[in-house]
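Here are some friendly notes to read alongside the model. Keep the 3D view open and find each place as you go.

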Amino acid sequence: MKLASWITDARNLPTIAYSLGLLILGLLASGIWYSTSLLIQEQNRIGVEVNVAGRQRMLSQRIAMVSQDMLRFETVLNAQSRDVIKGCADLLLRAHVALLNGKVDRLQSSIEEGLSCRSGAPDPLVARDMDESIDRAFYGGVPSLDELVREYVRLADGISSGSELSEKKIEDLVQLAYLTLPQKLNKLVYELQKKGEVSIASLSRFSMFMWIATLIVIALEVIIIFRPMARKINTTMEQLNTALARVTRREAALADANEQILESINYARKIQEGILPDLKEARQSVGDIAVLWEPLQVVSGDFVWTSRRNGKLFLFIADCTGHGVPGALITVVVAAALEQLLEEEQSDDPETILLALDDSVRKRLKQDMPADPNDPTATDDGFEAALMIFDENDATICYAGAGIPLLVKTDEGVERISADRHRLAYRSLRKPDAFKVTTRAVQPGESYYLTTDGTTDHVGGAPKRTFGRKRFANVLATTSNIDLTGQLEDLDRQLHAFRGSEPPRDDYTVLAVTPLTDTSRAQNAA
């Protein structure tokens with residue numbers, strides 16, 4: 001059924017016609033090859049038959065010459081001459097029977113024997129259909145060629161055996177060899193050549209017909225198949241060129257739009273960098289402070305913020321949903337909400353600020369109410385965050401975190417203060433009602449680090465694995481003898497080396513600070 005459906009499909013007609021044309025051309029080519037082969041075989045057969053008939057005349061004349069010599073020089077040449085006459089007579093008869101049987105291989109064998117005159121019996125005579133003119137050449141007339149050859153061979157056998165070695169018998173043999181037999185053989189050669197010419201002409205006409213038929217089929221294919229196909233190809237090429245021109249125009253428009261988008265995103269990066277903290281103010285109250293901020297794309301979903309007020313330094317970091325432009329837009333919302341909270345509430349409690357920030361961002365994103373399950377445009381975005389407040393007066397820090405821990409590097413190593421598992425502002429997650437607040441007295445030389453998970457989630461090595469918290473802590477522990485900027489630069493180099501050919505998978509940000517204590521202030525003053 002599938003084949004029948006395919007054949008009846010009009011779209012496949014050119015393929016079917018082309019295939020049939022090739023099949024016909026193949027058959028015609030096979031016919032030409034076959035007719036040429038027959039032509040060559042016929043030419044070869046005619047040549048062999050004419051050659052053998054000519055050699056019969058030479059053999060008969062050789063027998064006559066040797067017989068005459070025997071009569072003249074009987075005492076000298078008797079034994080050797082008899083063998084020659086006997087062998088030539090046998091060869092003559094074998095060639096004659098081969099001509100009658102029409103066996104080309106036996107005729108070729110007779111030619112290869114030449115005039116060696118080897119003794120031997122002929123093949124059995126095989127009945128076969130023979131052309132009428134060739135039949136008359138062999139058996140027509142009185143006596144016929146067949147009778148003359150056999151009579152000649154009989155006389156030669158008698159002379160070679162000595163039973164008929166007489167002047168009369170030799171005269172009869174010479175008469176046959178030089179007159180009667182050549183006439184008959186010439187007629188046979190003429191008929192063979194004539195028959196061959198007829199066969200060759202017939203095969204030539206057939207071959208010519210096949211060539212003409214091939215040319216006609218090729219012409220029909222050109223007219224019926226290839227011309228419509230060429231027209232269709234030209235039409236298709238015109239359509240493709242039109243489509244290509246349309247695609248080129250669209251590509252140019254897309255490239256222009258893409259350039260405008262990239263310009264907008266690059267400008268958005270400048271805006272985002274503008275809302276990142278200026279660390280000059282923060283450095284007035286701490287020993288050292290540094291930020292590593294690396295967007296996955298041009299803009300980032302990570303946000304860092306610092307502010308100094310009333311003898312306290314606020315250090316905030318957030319990892320918003322996604323990265324690139326969507327994440328960057330969330331950071332703008334978070335930054336605006338955080339600034340407003342600190343201005344309006346004047347709170348210095350990390351828990352209160354994070355709870356209020358969660359509530360504010362939910363309202364700004366309209367995620368403070370359950371989503372309509374039938375609304376495909378409903379959003380569910382949020383962020384992880386951590387807030388650390390350094391009190392310059394009593395050298396203490398207060399920390400609260402939603403998914404982002406606090407790392408403390410001391411003389412004894414790197415300590416990790418865990419964050420709450422809450423996430424902020426997500427519609428689908430339970431609204432947090434409290435955060436654990438850690439208060440800690442700052443010891444001289446301690447450094448504090450807040451980092452988004454993009455830092456530890458770098459993938460590299462063999463087998464593939466993440467950079468992880470342990471490697472991150474080891475990097476911090478082994479770079480205590482350089483300033484925080486140098487530490488973060490070294491961390492970034494190690495992240496690139498670990499990743500190798502693997503691309504980064506997320507934005508990553510690290511905020512590092514070394515607060516000042518009374519002891520460190522005294523050391524700096526000294």
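1. Let's start at the end of a helix. Lys366 follows α10 and has a positive phi, near 55°. Please keep in mind throughout that this is a predicted model.

2. Now look at α10 itself, which covers residues 350–364 and has 15 residues. From its first C-alpha to its last, α10 reaches 21 Å, close to the 21 Å expected at 1.5 Å a residue. The buried residues of α10 are Pro350, Ile353, Leu354, Ala356, Leu357, Asp358, Ser360, Val361 and Arg362. What covers these buried residues? The cover includes the strands β3, β4 (383–391) and β5 (396–402), together with α9.

3. One of those covering strands, β3, spans residues 312–320 and holds Leu313. Is Leu313 buried or exposed? Leu313 counts as buried because its relative accessibility is 0%, and the cut-off for buried is under 20%. Setting aside neighbours within four places in sequence, Leu313 is in contact with Ala282, Ser285, Val286, Ser307, Arg308, Met388, Ile389 and Phe390. Try tracing the chain from Leu313 to Phe390: they are 77 residues apart along the chain, while their C-alpha atoms are separated by 5.1 Å.

4. Next, please find α13, a helix of 16 residues running from 484 to 499. α13 reaches 22 Å from its first C-alpha to its last, close to the 22 Å expected at 1.5 Å a residue. Its buried residues are Leu484, Gly486, Gln487, Leu488, Asp490, Leu491, Asp492, Leu495, Phe498 and Arg499. Just after α13 comes Gly500, with a positive phi of about 65°.

5. Arg499 leads us to His458, as the side chains of these two residues make a polar contact (3.2 Å). Where is His458? It sits in the loop between α11 (453–456) and β10 (459–460). His458 is buried because its relative accessible area is 3%, and buried means under 20%. Not counting residues up to four places away in sequence, His458 touches Arg465, Thr466, Phe467, Leu495, Phe498, Arg499, Pro504 and Tyr508.

6. Let's turn to the empty spaces. Rolling a probe the size of a water molecule over the atoms shows where empty space is left. The largest pocket holds about 440 Å³ of space. It is lined by 21 residues, and the closest to its centre are Gly403, Ile404, Pro405, Arg416 and Arg469. At least two lining residues come from each of β7 (413–417), α11 and α12 (468–477). By class, this lining has 9 charged, 7 nonpolar and 5 polar residues.

7. The second largest pocket has about 150 Å³ of space. Its lining is made of Ile265, Ala268, Ile271, Gln272, Ile275, Val299, Val325, Ala328, Leu329 and Val332. Both α7 (167–275) and α9 (324–345) supply at least two of these residues, with the largest share, 5 residues, coming from α7. How many lining residues are nonpolar, polar and charged? There are 9 nonpolar, 1 polar and no charged.

8. Finally, step back to view the whole chain. The protein chain has 14 helices and 12 strands. Of its 526 residues, 42% count as buried. Among the contacts with a separation of 6 or more, 73% are between residues 24 or more positions apart. The contact between Leu313 and Phe390 is a good one to find in the viewer.

Conventions:
Residues numbered from 1 in each chain as written. Predicted model: local features only at pLDDT ≥ 70, side-chain atom pairs only at ≥ 80, totals over all residues. Heavy atoms only, no water. Helix = DSSP H or I, 4+ residues; strand = E, 2+ residues; numbered from the N terminus. Buried < 20%, exposed > 50% of the residue type's maximum accessible area, 1.4 Å probe, protein only. Polar contact = N/O pair within 3.5 Å; in protein donor to acceptor, adjacent residues only side chain to side chain. Contact = heavy atoms within 4.5 Å. 1 Å grid on protein atoms, 1.4 Å probe; cavity = no way out; pocket = protein on both sides within 12 Å on 5 of 7 lines; lining within 4 Å. Points joined across faces, edges and corners; volume = space filled by probe spheres on them. Nonpolar A, V, L, I, M, F, W, Y, C, P; charged D, E, K, R; others polar. Expected span 1.5 Å × (residues − 1).
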